[in-house]
Amino acid sequence: EDESRRRSVHEDEEGGDARGVEVERSGETGIALAMVRSFKEFAAAMMRARKSLVRRRRDSEAGGEDSRAAMGSRAYLDNLGPIAVETLCLWCSRVGGTGAVKNVEVLDDIGSAAADALNALFLEEPKFSLRLLLPAGVVPALIHACSTSHSPAMQTAGAGALLNLAREEEARKEIVMAGGISSLISLLRQKPCPPAVARSACGALQNISLTAGYEDPLIDSGALDVLLSLLSNSSDELVQERAAACIANLTAGGERARLAVLERKGVPVLVQQLEVVKRKNARTGVSELAPPSLSMICAVGGALKGLAQLPKVDGMLYGTGAIMQTAVLLEYLKMSMEWRPAVIGEEESRALEA
């Protein structure tokens, strides 16, 4: 840190006695606020240290001088990193009133700050960070926080961290083994479920469903019922897209998931998402007839593609209007591309393929 930053920290430390008197006078509320503020400062300091090491190493690699950067990374991995990550995980595991601190709101505030910091540490350099996060127990700590807290901020931070961790196969396995699927589904079953929580929880399930072996635990935990319900009832487009994408991943995996979607009358729910209806234009704010987003077309198209592999399903696809809706969407896509260059974007290409 630069000299001015060092001075300001030093001045804060010297003013500790005065702050202590203020906290003592204000009682429990002041102590709670001081705890939350101190923890957020600690989490921010850990992030600054990590970013500094990553930046230094990248600069060194670009310049061909990597000994100092490698020494810094080893020191972080062996000393500072484990202490920081274990502390962050500890406070996630204390959410709900575990330990000496019983103030649930304070623990929720600290837990959400810890989950955000763990998420940021992972995103800074995923492969490297997993070597610290998984041994420290990040997965069970985040699952505990999500399962115990009633705070939307804590639930969003915890589910968001699980979403990003589930991008890695090794972390997916730990999430499933630790009961993370049931925890995420419980979040989605809340009434009401805040949109931010639903987005993160749906995204985590979508990433978990990328692994072919996890169809059974997802289906057995009731994931399909919740996902189809979100498709039908949620007003949040991103939640609907992620729910449809998760169903698409499941139907790509095998016959059990495809049959489970048919048993739950999921085909009409999926087809409904392909309808050309009045939607609010993001640029103008005016409602106008429009097809679904390209992401939704990709997700629902993928799910229907998986279902279409079942024998004797043709009649149901015709009866629910799936074939007609597909034709209408292809015509819309064709019309929208007539005034564009011949080369189309990757997302448009995937939508056409689906």
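**View 1. Tyr332 counts as partly exposed, since its relative accessibility is 31%.** Partly exposed sits between buried (under 20% relative accessible area) and exposed (over 50%), using a 1.4 Å probe and protein chains only. You'll find Tyr332 in helix 19. This is a predicted model, so local features need pLDDT of at least 70, side-chain atom pairs count only at pLDDT 80 or more, and totals for chains, interfaces and linings use all residues. Residues are numbered from 1 along each chain as its sequence is written, and side-chain values use heavy atoms, with hydrogens and water left out.

**View 2. Tyr332 shares a nonpolar surface patch with Leu289, Met324 and Val328.** Together the four offer about 390 Å² of accessible area, from the Shrake-Rupley method with a 1.4 Å probe, where for residues only the protein chains shown count as cover. Patch members have over 30% relative accessible area and no salt bridge, and nonpolar side chains (Val, Leu, Ile, Met, Phe, Trp, Tyr) are joined within 5 Å. A salt bridge here is a side-chain nitrogen of Lys or Arg within 4 Å of a carboxyl oxygen of Asp or Glu. Helix 19 is the top contributor, with three residues.

**View 3. Thr320 sits in the loop between helix 18 (314-319) and helix 19 (322-337).** Helices are DSSP runs (H or I, at least four residues), numbered from the N terminus. Thr320 is partly exposed, as its relative accessibility is 24%. Its side chain gets to the backbone oxygen of Met316 at 2.8 Å. Leaving out residues up to four places away in sequence, Thr320 touches Val267, Pro268 and Val271, with contact meaning heavy atoms within 4.5 Å.

Note on methods
Helix = DSSP H or I, 4+ residues; strand = E, 2+ residues; numbered from the N terminus. Polar contact = N/O pair within 3.5 Å; in protein donor to acceptor, adjacent residues only side chain to side chain. Patch = residues over 30% accessible without salt bridge, like charges linked within 9 Å, V, L, I, M, F, W, Y side chains within 5 Å.
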